[in-house]
Amino acid sequence: MTDPLELPTSARRPRQTFELEETGFNEVPKRFRRFYRRWRGAGDKLGPNEALCPVCKVVIRSTKELRAGDRVYCMPCMSRLELVEEEGMLIAKVIY
């Protein structure tokens with residue numbers, strides 16, 4: 001596995017930026033609600049700015065494109081996660 005952080009900066013493309021809309025997620029304080037949404041099951045497809053928390057099955061959203069090696073925080077279950085790439089998909093692994 002190649003660490004994407006070791007690639008020269010000229011080889012990496014810039015991250016995409018996303019506008020986050022309200023999703024109706026109400027399990028965190030109001031100012032953080034746009035960063036989370038509920039997982040809709042097996043047919044749900046994650047966007048390039050989303051990661052699924054393996055602990056509470058909530059989708060974590062970001063204004064920037066997520067990549068392997070990024071760290072995200074799941075406020076509903078207070079888990080710190082790191083994204084790893086397995087079989088072409090980004091998978092969130094629990095750090096603590």
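Six charged, one polar and eleven nonpolar residues make up the lining of the largest pocket (Ala, Val, Leu, Ile, Met, Phe, Trp, Tyr, Cys and Pro count as nonpolar, Asp, Glu, Lys and Arg as charged, the others, Gly among them, as polar). A pocket here is an open set of points on a 1 Å grid over the protein atoms alone, where a 1.4 Å probe fits, with protein on both sides within 12 Å along at least five of seven lines; lining residues have an atom within 4 Å of a point. The model is predicted, with pLDDT of at least 70 asked of local features and 80 or more of side-chain atom pairs, while totals for chains, interfaces and linings use all residues. Numbering runs from 1 along each chain as its sequence is written, and side-chain values use heavy atoms, with hydrogens and water left out.

The largest pocket holds about 450 Å³ of space, taken as the space filled by probe spheres set on the points, which are joined across faces, edges and corners. Closest to its centre, of 18 lining residues, sit Leu46, Gly47, Glu50, Met89 and Leu90. Strand 6 chips in the most, with four residues (strands are DSSP E runs of at least two residues, numbered from the N terminus).

As for the core, the largest nonpolar one has 13 residues, and Tyr36, Ile60 and Leu81 have the most contacts inside it. Such a core joins buried Ala, Val, Leu, Ile, Met, Phe, Trp, Tyr and Cys residues through side-chain atoms within 4.5 Å, buried being under 20% relative accessible area, exposed over 50% and partly exposed in between (1.4 Å probe, protein chains only).

Two non-glycine residues have positive phi: Lys57, near 60°, and Met78, about 60°. Lys57 counts as partly exposed because its relative accessibility is 44%.
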